[in-house]
Amino acid sequence: MPQITIPSANITFECDEHDTVLRAGLRAGLGMPYECNVGSCGNCRIEVLSGEVVHERENPPGWNERDKARNRYLGCQARPTGDCTIKVPMRQEYKSQFLPVRTTGKLVAIEDITHDIREFRFALAAPNGFLPGQYALLGVPGVAGGRAYSMANAGEPGQWDFQIRRVPGGEVTSVLFDKLQVGDEVGLDGPYGMAYFRDESPRDLLCMAGGSGLSPMISIARAFAASTMSPERKLHFIYGGRTPRDICGESILKTLPGFGTRIFYHCAISDTAHADSAGWTGRTGFVPDLAVELFEGKIAEMEIYFAGPPPMADAIMKMAITHKAPAAQLHFDKFY
Ligand SMILES: Cc1cc2nc3c(=O)[nH]c(=O)nc-3n(C[C@H](O)[C@H](O)[C@H](O)COP(=O)(O)OP(=O)(O)OC[C@H]3O[C@@H](n4cnc5c(N)ncnc54)[C@H](O)[C@@H]3O)c2cc1C
Ligand code: FES
């Protein structure tokens, strides 16, 4: 099996030919930087000093001409063809509390949440815990590359639940929505991700999501509801959709202890033309604008979690920075 050596850290670990340098490093308990795990963000760059790697995903969006010229690759996509020596900035905070494991999940239940979001529940062949807010890579037969999906439950090792939005024409979501049946198996690899619930923080939580970003925010809310740390803390959940039929999440939060006293739900739709014709009497606008409307002057004191499509995540980030929220209080995943 290929050996990967990081001379600056005096470390060597094994990476089999079906694994990538980043994932094998995380499995070995190392702290290597990353974010998306699917070749899009570019945060997992490694420099190959000797040996050869090939990218799992051909021309991943996070890899550019400058990287090629400098022998830099994306650790999440780089498979070694033999022993390699690499340079990578090791960072302790990326070390996984639950080491990622490759296993399979058997579909045990499916439940509709909206017209295009569905919860898929999988029983794991090799149970593994996760931190609320983390994600896994899910692979289906016939489609190259796993897709990242965040778990919606709060860390139960034997079953991982995913709330997934159908992407029209999407390769993996088409299989999940149109072909997969209870009893079928998928590949699962995880947990991954840094946007997990920091239970030790005494600050109020602001959880924001739009569209497919529902799942990790629900996971964090579930863990928050079960936590006995800092009982005076509050969690504010803001969900944004385009039209009334996209709005969801409240019925799930209502089942949690503390809903209405320490857990609060707010939502808005962004398509104002639709609001009038559908008789919508709730708020209109975008998630970050609603956050400012509700929490102006308090945002910098909150622990802020968000997930969703990159334009929404960027707008929330901009809002949080404008309102002087420290970077250490921002925890997010962009759903590339
Ligand atoms: C950290 C993270 C967490 C996410 N969590 C959720 C969630 O909880 N719920 C949800 O609905 N969506 C989530 N997503 C989005 C999800 O991963 C998919 O992008 C989406 O479901 C579309 O997949 P598709 O195959 O149906 O669409 P397609 O259009 O076929 O695939 C598009 C996506 O797949 C990726 N991709 C394409 N080819 C490859 C390849 N060879 N290898 C790896 N990746 C490839 C691209 O990044 C692209 O965004 C998350 C994304 C990220 C990065
Ligand atoms: S973690 Fe590798 S490109 Fe995002």
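Strand S11 (147-150) contributes four residues to the lining of the largest pocket, the most that any element gives. The model is a predicted one, in which local features need pLDDT of at least 70 and side-chain atom pairs count only at pLDDT 80 or more, while totals for chains, interfaces and linings use all residues. Residues are numbered from 1 along each chain as its sequence is written, chains are lettered from A and ligands numbered from 1 in the order in which they are written, and side-chain values use heavy atoms, with hydrogens and water left out.

**The largest pocket**

- The largest pocket has a volume of about 730 Å³, where a pocket is an open set of points on a 1 Å grid over the protein atoms alone, accepting a 1.4 Å probe and having protein on both sides within 12 Å along at least five of seven lines, and where lining residues have an atom within 4 Å of a point.
- Its lining is made up of 32 residues, and Arg147, Ala148, Tyr149, Phe335 and Tyr336 are the closest to its centre.
- At least two lining residues of the largest pocket come from each of S11, strand S12 (159-165), helix H3 (171-178), helix H4 (214-226) and S19.
- By class, the lining of the largest pocket holds twelve nonpolar, eleven polar and nine charged residues.

**The second largest pocket**

- The second largest pocket encloses about 470 Å³ of space, and among its 23 lining residues Gly210, Gly211, Gly240, Gly241 and Arg242 lie nearest the centre.
- Two or more residues of this lining are supplied by each of strand S15 (235-241), H7 and H8, with S15 giving the most, namely three.
- The lining of the second largest pocket divides into nine nonpolar, nine polar and five charged residues.

**Helix H8**

- Helix H8 (residues 310-322) has 13 residues and reaches 18 Å from its first C-alpha to its last, close to the 18 Å expected at 1.5 Å a residue, the expected span being 1.5 Å times one less than the number of residues.
- Met312, Ala313, Ile316, Met319 and Ala320 of H8 are buried, meaning under 20% relative accessible area, with exposed being over 50% and partly exposed in between (1.4 Å probe, protein chains only).
- These buried residues cover an arc of only 125 degrees around the axis, which puts them on the same side of H8.
- The face of H8 turned away from the buried side carries the exposed residues Pro311, Lys318, Ile321 and Thr322.
- Strand S14 (205-210), helix H7 (287-295), strand S18 (303-308) and strand S19 (330-334) are what the buried residues of H8 pack against, contact meaning heavy atoms within 4.5 Å.

Technical notes. Arc of directions from axis to C-beta. Points joined across faces, edges and corners; volume = space filled by probe spheres on them. Nonpolar A, V, L, I, M, F, W, Y, C, P; charged D, E, K, R; others polar.
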